[in-house]
Amino acid sequence: MTTAHDIRTPRRRFQLRLALIVALGVFAQETVWNFHDSQTPVTLAGYTTSVALIGLIMGLDNIIGIFVQPLMGFFSDRTRSRLGRRTPYILVGVPVAALLFVLIPLVPSFPILIVVIVLFSLTANSFKPIAEALLADQQPPEHRSKANAIGRFASGLTIIVSALLSLFVVDRSVELAYVISAGVMVVCFVILALTLRESRTVAYRAVLDEDAAQGRETTGFFAVFRDIFTDRDRSRLFMILAIVVTWGAWAAVRALLTLYGVEQLGLTRGEAGGLTLPASVAFLLVIIPVAIVSDRFGRRRVMRIGIVVFALGALVAFLFNDSLTATLVGILIAAAGFAGFAANAAVMLWNLAPSQRLIGVYTGIFAVAQAVGSSAGPAALGGLVDLTDWHYLMLFLVVMSLLGLLITFGVRREYAPGQLVEESKAADAEPVE
């Protein structure tokens with residue numbers, strides 16, 4: 001097993017200021033995506049009564065993201081400019097996406113609405129991995145769980161922002177609500193660009209130094225994936241599979257929980273819809289402490305403990321599946337456990353990338369695995385419920401999460417040796433703190 005300590009003793013500190021600045025960008029883009037997922041289906045319903053068609057149109061952003069995000073991450077990895085390697089894509093993509101987003105409730109016809117939604121999804125997906133890659137760029141590998149957790153926390157807050165917009169603005173003016181959401185995104189990214197100044201950061205200077213010493217990174221886009229599948233060390237491949245399965249389990253419980261509350265617990269639709277709120281709060285409360293523990297004691301260990309806790313929570317909900325209180329307790333335990341996985345999943349892929357110059361494309365690969373799991377998980381567990389009964393949903397969740405746990409044992413290391421060497425050189429170039 002290769003650890004950071006095998007090569008050097010970490011000397012660079014966690015950059016809290018940079019983590020908060022970059023998290024502002026994650027907050028900005030997720031505010032728009034959450035509001036889009038919440039309100040655009042209602043806008044579409046004004047033109048069609050087909051729920052399947054609405055679902056298909058709303059699902060296009062995931063399909064677009066699978067192709068666009070790794071590609072844009074790859075392009076940004078190769079970009080060198082006076083503004084840095086990520087910032088140019090943000091400066092171009094954010095205003096275009098904001099303009100398209102504002103147009104969604106204003107377009108005069110259904111075909112134009114679909115075109116605008118597709119263009120928005122294309123543009124917003126193009127800078128989504130860019131902002132998240134900045135989280136990894138600005139931190140040494142041993143501190144990336146904390147930075148990722150702050151980003152996840154910021155992303156979780158956007159659910160509240162979206163809900164407040166819907167509660168207080170949408171009924172008065174849906175157009176104004178779209179403008180406010182887009183405005184929040186633009187303002188946050190302007191603050192990010194002005195305060196981060198990516199081209200002056202240690203991370204960007206380290207990349208330039210690597211270019212000067214080793215030449216520009218020449219690994220092709222498809223070669224990145226070929227390397228993952230042909231490498232004798234299957235850690236990256238197993239990590240991607242673990243993300244698909246475990247994130248799929250989490251997506252399934254989120255997607256099916258309201259129906260479970262109605263069908264199994266006999267709740268009203270509104271009461272059942274409220275079941276996800278305590279789970280979201282539990283997730284936000286524990287994710288940053290869990291990340292601190294992960295950076296200290298090892299990400300694989302915390303990730304696996306998190307999945308076990310997730311499965312235990314689902315087991316509690318299954319064993320007492322006629323009790324609302326026991327179900328809530330089980331969901332709270334499961335959400336707290338999933339935080340252990342969520343804080344570390346992307347970080348594992350970042351740190352397993354052969355070079356820090358490939359962080360962008362690995363951020364895109366994480367997004368693809370997350371999207372595939374989020375699509376396949378609810379469908380798979382929903383199909384099993386169709387074949388059996390709602391009574392067994394939580395048991396299926398236990399099995400799925402344990403499958404994810406089993407896959408994580410194929411992840412044999414936490415760091416790519418080449419990236420540790422790069423980090424060691426970067427640390428040597430910095431004054432000891």
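How many helices and how many strands does the secondary structure of the protein chain come to? In this model, which I should say at the outset is a predicted one, the count is 18 helices and zero strands.

Let me begin with the overall dimensions. The protein chain has 433 residues, and for that length a compact globule would have a radius of gyration near 22 Å; the chain has 22 Å, so the value agrees with the globule rule. Taken along the principal axes, the box filled by the C-alpha atoms is roughly 65 × 50 × 35 Å.

Turning to packing, 55% of the 433 residues count as buried. If we take the contacts between residues at least 6 apart in sequence, 85% of them join residues that are at least 24 apart. On the outside, the chain exposes about 18400 Å², and 68% of that area is supplied by carbon and sulfur atoms.

That brings me to one particular region of the surface, where V308, L312, L315, L319, F320, V329 and I333 make a nonpolar patch of about 570 Å². Two helices, α13, which spans 299-319, and α14, which spans 324-342, each supply at least two residues of this patch, and α13 gives the most, with four residues.

Let me take V308 as a single example from the patch: this residue lies in helix α13, and its relative accessible area is 35%. Why is V308 described as partly exposed, rather than buried or exposed? Buried means under 20% and exposed means over 50%, so V308, at 35%, falls in between and counts as partly exposed.

Definitions and conventions
Residues are numbered from 1 along each chain as its sequence is written. This is a predicted model: local features need pLDDT of at least 70, side-chain atom pairs count only at pLDDT 80 or more; totals for chains, interfaces and linings use all residues. Side-chain values use heavy atoms; hydrogens and water are left out. Patches are made of residues with over 30% relative accessible area and no salt bridge: like charges are joined within 9 Å, nonpolar side chains (Val, Leu, Ile, Met, Phe, Trp, Tyr) within 5 Å. Accessible areas come from the Shrake-Rupley method with a 1.4 Å probe; for residues, only the protein chains shown count as cover. A salt bridge is a side-chain nitrogen of Lys or Arg within 4 Å of a carboxyl oxygen of Asp or Glu. Buried means under 20% relative accessible area, exposed over 50%, partly exposed in between (1.4 Å probe, protein chains only). The radius of gyration is taken over C-alpha atoms; the globule rule is 2.2 Å times the number of residues to the power 0.38. Contact means heavy atoms within 4.5 Å.
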